Amino acid sequence: MGTTLADADLVLNAPPRPRRRRRRGALAPYLLVAPLIAAVMVALGWPLIQQFLMSFQKFGMAQQFGAEPEWIGLGNYIEILGNPTMWLVFARSVVFCAVCASLSMLLGGLLAILLTKLSNWARIMLQVSLLLVWATPVLVTMVIWQWLFDARYGLINWVLSHIGLTGMAGFPWTSTPMGVFTIAGITVIWGSLPLIVFMIYSALTQVSREVLEAAELDGAGPLMRFWEVTLPLITPAIMIVGLLQIVWDLRVFTQLYVLQQAGVSVDETNLLGTYIFRLGIGQGQYGSASALATVVLLLTLLLTWPYIARMFAQQKGSSA
Amino acid sequence: MARRNVFAAGAALVAALSVSGFVTGAHAQETADLRVWFMQDSVSDKAAAWLSSEFAAENPGSTLTVEVQPWTDIVSRLLTSLASKSETPDIVEIGNTKSTTFASVGALADLTDMYDQLGGDSLIPSFVTAGTVDGKIYAYPLYAGTSVVFYRKDLFEKAGIKVPATLDELVAAAATVEAANPDGTEGFKGIYFPVVDTHGLESWLFSHDANYARQVDGKWVSGLTEPGAHAALEQLQKLWTNSSLGALDARETATHPWVPYNNGEVAIFSFRAFAQQNISDELKAVTGTMALPPVEAGGQSHQFLGGSNVAIAANSSHQELAKKALTLIMSKEFMTQLAQDGGWVPGNTTFADAIPDGLVPAQLQQQIAQTSGLTPAAKNWAIVEGNNLPIDLYTGVAKGENIDDVTARIGAGIEKVLNTD
Amino acid sequence: MSSETYASTAVTTAAPAQAKVRKRSRGAQQQWIWNGVAVLATLVMIFPIYWMMNAAFSTNKELFSRTPRLFPAPLSVESFAGILADRAFWSALTMSAGVTLIVVFVAVIFGFLAAVAVSRFRFRFRGGGLIILLVLIVQMIPAEALFISQFRMLDGWGLLNTVAGLSILYVGMIVPFTVWLLRGFIHGIPAELEEAAMIDGCSRTAAFFHVTLPLLGPGIVTASVFSFLHAWNEYTLALIVMTRPGNATLPLWLQSFSSELSATDWAGIMAGATLISVPVVILFLIVQGRLAGGMMAGAVKG
């Protein structure tokens with residue numbers, strides 16, 4: 001891991017191109033990034049430091065209301081790492097994330113390719129519909145989908161029971177873990193498609209026509225052209241979107257939290273986001289929740305690091 | 001309506017008189033702008049306005065603002081806001097099952113010495129218990145709402161069913177009326193009693209003298225493995241498997257229990273008394289109401305009594321003024337308005353006479369309140385509910401799982417949460 | 001924009017040769033198949049939104065029907081009328097608009113400055129690598145545990161229940177993203193353009209404003225849209241920071257439709273949700289063309 005980090009650093013410190021010879025104020029760039037650093041430090045950095053300190057304390061509700069916190073060293077970490085529930089939740093989150101991220105990337109990629117093949121009117125129609133989906137707040141999304149999946153008054157059970165699946169009439173989706181994960185998965189995928197489609201489509205439109213035609217003259221079929229010419233060119237975009245997707249889907253919170261409140265077993269449906277929230281604000285064990293959050297951050301980094309490193313390596317390759 | 005207006009005028013007159021009396025007697029004191037948090041739909045606008053103006057009149061220079069809070073995620077908001085010195089509300093309404101949690105962590109001010117002044121023994125006892133930690137009282141009862149069983153008198157009559165006098169008879173009545181289906185309604189079911197209505201369901205436990213957990217030698221022990229709990233859950237399982245509509249409905253859907261009732265799809269449902277307003281006009285005449293029947297004829301049932309306590313934030317920097325405001329909230333005028341406008345059983349039961357008679361007789365609500373039971377008064381009980389453990393219990397039972405397996409599993413879960421510091 | 005170029009290239013390359021014509025007619029046929037698939041995809045994507053509006057234009061009684069009402073006829077505007085007459089809605093709308101405007105403005109300026117630093121100046125941060133890393137790590141932080149620390153920090157500074165307090169948190173969370181989006185853009189604009197303008201007698205600043213900034217349009221639009229969505233839709237931080245009813249933002253206001261002491265007003269929620277989405281949709285439709293371009297630079301050159 002250390003070496004890849006160094007590699008990445010190497011890219012960042014790539015030698016300046018000759019045209020940047022001009023002298024500039026040495027201070028100016030620092031002044032320009034200062035607001036960024038300040039904003040991130042205030043909103044995230046400082047609270048993160050506080051949270052990190054809290055993770056070494058026995059910090060519960062009583063401490064929140066003024067009692068002196070007790071330093072307990074690695075106590076919270078030992079408790080969390082030794083708790084099988086945490087690993088179960090982690091594993092569940094990874095599976096949920098893998099399913100959602102891969103499905104949404106696949107569907108998103110297909111829709112993006114579809115966009116390049118459409119007449120103007122059809123393209124604009126599909127784009128506008130994606131924009132509408134993107135503009136829908138998550139809370140609203142949840143309201144809509146819960147209503148669609150309602151056992152008795154929802155459209156989905158009505159349709160299912162009318163196309164022959166009579167057993168589905170009145171099926172209580174929100175009371176079984178699988179039902180809840182199905183709804184959560186659908187809402188997550190539906191909600192993330194617009195961004196994926198737009199980004200991949202943008203990358204696709206960058207693929208030069210000439211290169212493709214040259215490949216066609218060389219006798220490459222459409223599939224071959226896609227595989228040999230298009231795909232390598234859009235890979236950086238796919239990598240970034242995919243990575244964001246993985247990170248987002250790993251810590252899905254709102255969708256699941258809302259669904260849990262409809263009345264399903266919390267223990268059987270917790271993912272990392274809801275698990276941390278319930279431990280922290282839900283149960284007032286802020287110390288443990290902080291330690292858990294730190295562990296989750298590290299695990300996420302560890303899990304995605306190979307991917308990030310590959311992305312950097314690719315960038316290095318393409319910029320060279 | 002007319003009666004209400006007359007009373008309002010009277011109250012205003014009383015208020016005006018008392019105002020003039022107080023103004024002359026007022027002496028120099030601290031002034032402040034108090035913030036009072038009431039939950040959505042609990043206190044009428046009129047009552048809130050009365051409280052503000054009355055407080056301002058009694059405490060010249062000070063004001064009182066009622067801030068109505070939405071229910072969703074209120075615990076998160078309370079846990080953060082009450083810890084702030086500057087942005088804490090001075091007075092808060094807290095759900096009765098959550099009072100113990102907030103009282104035990106030091107979020108609320110000790111108000112033990114106000115017990116007699118605020119109503120003493122007329123205060124709803126189980127609510128005072130919920131607000132008491134180590135002998136000190138931190139929260140007083142604001143209002144209570146009872147669950148009531150609504151049923152179709154006409155269908156019962158056609159099916160030849162008497163009003164159930166025991167829980168077993170209620171289970172049987174649901175089955176009989178469903179089998180008879182007197183109006184020939186398609187998809188007709190006996191009862192609507194979804195598992196997410198845990199407070200309605202735990203009344204079955206309480207009536208069997210059971211509870212989720214009991215304190216034994218300072219430790220919480222599951223009460224679900226006791227025979228009483230088993231009997232209650234067995235009855236419920238029978239009800240759900242044989243004659244119930246949508247037992248596993250989502251919470252939001254279950255907040256409309258009168259929908260299937262009004263459609264004629266069920267003959268019985270149980271919900272909080274305010275459901276009476278939503279029963280369709282055609283059915284009002286043929287709807288009967290009753291308390292949950294007891295285990296044995298002539299016995300006593302014990303229903304869960306939902307509702308709220310009211311408390312002063314420990315972080316409020318205006319403790320004296322807040323106490324004055326609390327006195328106003330617990331006063332006859334305010335309590336009476338709670339009963340009149342909201343139909344609630346007021347925290348001080350002396351004023352329960354003001355509950356308007358509707359489909360649900362005021363006297364029935366009072367009777368249910370007097371014999372009510374309460375979920376375990378444990379510091380961590382709010383967490384048990386927040387983690388949906390009671391819903392898990394009833395879901396397992398409704399799905400037809402073996403009752404002993406379900407109670408063993410959920411009981412262990414409850415013990416684990418309750419015995420964590 | 002670029003998609004139009006795509007289409008026009010297709011037209012110009014069409015040669016009159018017979019073989020090509022035959023190929024084109026087969027292509028046209030294929031095009032119709034693709035368009036058909038697109039119509040299907042559009043319907044699937046848009047259906048939940050249609051269903052929301054269908055519910056918004058119904059009464060609660062109509063919603064609770066065993067047979068779903070597929071079209072909102074007769075149209076009921078009851079819910080909308082109720083909301084538009086509700087002062088709490090207008091107050092929340094004002095609050096959300098205020099917070100969002102501030103966040104968009106500040107996040108774009110901050111993001112822009114930092115983006116200039118990393119792409120125009122030679123110093124440690126050169127290259128997007130660190131910025132991407134920052135974006136990713138910010139996205140990875142489990143926000144669910146951070147609420148408490150963020151709350152305590154704002155409390156200590158006396159910024160609870162203030163627009164400033166909420167905006168600070170929002171800006172900090174979104175600004176790495178805006179830097180990343182804008183960086184790709186500024187990088188894509190050759191510095192030679194500026195230099196040429198400077199040779200023509202412009203000052204560095206003037207050159208930047210006259211030459212570079214206009215080219216940045218799509219990037220700024222994209223960054224604004226991301227910031228807008230974040231500030232407009234965020235719920236949990238608003239829940240704990242904005243506790244006075246007069247300070248509620250739209251997502252908080254939407255929660256007032258479900259209460260433990262009365263029935264959830266489904267039609268009301270749906271109408272409220274529709275109204276919340278309307279400004280966003282309008283904004284999106286206005287900036288649609290530029291958004292596509294903005295995504296391109298951000299994503300491709302990331």
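Let's start where chain B meets chain C: in this predicted model, 22 residues of chain B are in contact with 20 residues of chain C. On the chain B side, two elements give two or more residues each, namely strand E2 (63-69) and helix H3 (74-81) of chain B. The top contributor there is H3(B), with 4 residues. As for what kind of residues chain B turns towards chain C, you'll find 11 polar, 6 charged and 5 nonpolar ones.

Now stay with chain B and look inside it. The domain assignment splits chain B into domain 1 (32-145 + 305-370) and domain 2 (146-303 + 376-418), so each domain is put together from two stretches of the chain. The C-alpha centres of domain 1 and domain 2 of chain B sit 29 Å apart. Where these two domains of chain B touch, 22 residues of domain 1 are in contact with 19 residues of domain 2. Several elements of chain B supply at least two residues each to the domain 1 side: helices H4 (96-104), H5 (125-130) and H15 (362-370), along with strands E6 (139-152) and E13 (305-312). That side of domain 1 of chain B has 10 nonpolar, 11 polar and 1 charged residue.

Finally, how far can you lean on chain A? Its mean pLDDT is 86, with 90% of its residues at 70 or more. Helix H5 (residues 84-116) of chain A has the highest confidence in the chain, at 95, while helix H1 (residues 2-12) of chain A has the lowest, at a mean of 35. Residues 1-23 of chain A stay under 50 throughout, and the model gives them 19 contacts beyond four places in sequence. Where pLDDT is low, predicted coordinates shouldn't be read in detail.

Key:
Residues are numbered from 1 along each chain as its sequence is written. Chains are lettered from A and ligands numbered from 1 in the order in which they are written. This is a predicted model: local features need pLDDT of at least 70, side-chain atom pairs count only at pLDDT 80 or more; totals for chains, interfaces and linings use all residues. Two residues are in contact if their C-beta atoms, placed from the backbone, lie within 7 Å. Ala, Val, Leu, Ile, Met, Phe, Trp, Tyr, Cys and Pro count as nonpolar, Asp, Glu, Lys and Arg as charged, and the others, Gly among them, as polar. pLDDT is the predictor's confidence in each residue, from 0 to 100.
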